[in-house]
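This briefing introduces one protein structure to a reader who is new to the subject. Please keep the sequence and the structure in view while reading the points below.

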Amino acid sequence: MKLNEKVALVTGGGSGIGRATCLLAAREGAQVIVADLDDAHGMETVELTKQEKGKASFIHLDVTNDNNVR
């Protein structure tokens, strides 16, 4: 597992390439933080990750908002 004991913060993790990145990072052993504007899709990615025995959590994040990123 290439990413054991690493944390992967994936913006846009609720769908598409972001979701695929989350799932791959989890398969490689990373603790994944799914960050997205869409809470429902973000939580769906967390559940998919957990179904595959990965570790994931969700944060609501708008990367266009400086205060939100901080």
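**Two salt bridges between distant parts of the chain**

R27 has a relative accessibility of 46%, so it counts as partly exposed. The model discussed here is predicted. In this model R27 forms a salt bridge with E52, and the closest N and O atoms lie 2.9 Å apart. The structure holds two salt bridges, and the points below begin with them before turning to the strands, the buried residues and the backbone.

**Salt bridges**

- The pair of E52 and R27 links distant parts of the chain, since E52 belongs to the loop between α2 and β3 while R27 belongs to helix α1, 25 residues apart.
- E52 has a relative accessible area of 41%, and it is therefore partly exposed.
- R19 and E44 also meet through their side chains in a salt bridge, with an N to O distance of 3.0 Å.
- This second pair likewise joins distant parts of the chain: R19 is in helix α1 and E44 is in helix α2, with their positions 25 residues apart.
- R19 counts as buried because its relative accessibility is 15%, which is under the 20% limit for a buried residue.
- E44 has a relative accessible area of 40%, so it is partly exposed.

**Strands and crossovers**

- Strand β1, which covers residues 7–11, pairs with strand β2, which covers residues 31–36; the pairing is parallel and has five bridges.
- Between these two strands the chain passes through helix α1 (residues 16–27), and this β-α-β crossover is right-handed.
- Within this pairing, T11 stands opposite A35 of β2.
- Strand β2 also pairs in the parallel sense with strand β3 (residues 55–60), over six bridges.
- I33 has S57 in β3 as its bridge partner, and D36 has H60 in β3 as its bridge partner.
- A right-handed β-α-β unit is made by β2, helix α2 (residues 39–51) and β3.
- As a general principle, the side chains of a regular strand alternate between the two faces of the sheet.

**D36, a buried charged residue**

- What is the nearest side chain of opposite charge to the buried residue D36? It is R19, at a distance of 7.9 Å, and D36 has no salt bridge.
- D36 is located in strand β2.
- A polar atom of the D36 side chain lies 3.4 Å from the backbone nitrogen of G13.
- Leaving out residues up to four places away in sequence, D36 touches G12, G13, G14, S15, F58, I59, H60 and L61.

**V32 and T45, two further buried residues**

- V32 is part of strand β2, and it counts as buried because its relative accessibility is 0%.
- When residues up to four places away in sequence are not counted, V32 touches A8, C22, A25, A26, K55, A56 and S57.
- The C-alpha atoms of V32 and G13 are separated by 9.6 Å, and these two residues are 19 residues apart along the chain.
- T45 is in helix α2, and its relative accessibility of 0% is the reason it counts as buried.
- Apart from neighbours within four places in sequence, the residues in contact with T45 are G13, G14, S15, R19, C22 and V34.
- G13 thus appears among the contacts of D36 and also among the contacts of T45.

**Positive phi angles**

- Most residues other than glycine have a negative phi.
- Which value does the phi of E5 take? It is near 65 degrees, which is positive in a residue other than glycine.
- E5 is placed in the segment before β1, and it is exposed because its relative accessible area is 82%.
- K53 has a phi near 70 degrees, again a positive value in a residue other than glycine.
- K53 is found in the loop between α2 and β3, and it counts as exposed because its relative accessibility is 75%.

Methods:
Residues are numbered from 1 along each chain as its sequence is written. This is a predicted model: local features need pLDDT of at least 70, side-chain atom pairs count only at pLDDT 80 or more; totals for chains, interfaces and linings use all residues. Side-chain values use heavy atoms; hydrogens and water are left out. Two strands pair if DSSP finds at least two bridges between them. Helices (H or I, at least four residues) and strands (E, at least two) are DSSP runs, numbered from the N terminus. A crossover is right-handed if, with the strands pointing away from the viewer, the path from the first strand over the helix to the second runs clockwise. Buried means under 20% relative accessible area, exposed over 50%, partly exposed in between (1.4 Å probe, protein chains only). Lys and Arg count as positive and Asp and Glu as negative; His and the chain ends are not counted. A salt bridge is a side-chain nitrogen of Lys or Arg within 4 Å of a carboxyl oxygen of Asp or Glu. A polar contact is a pair of N or O atoms within 3.5 Å; within protein, one must be able to donate a hydrogen and the other to accept it, and residues adjacent in sequence count only if both atoms are side-chain atoms. Contact means heavy atoms within 4.5 Å.
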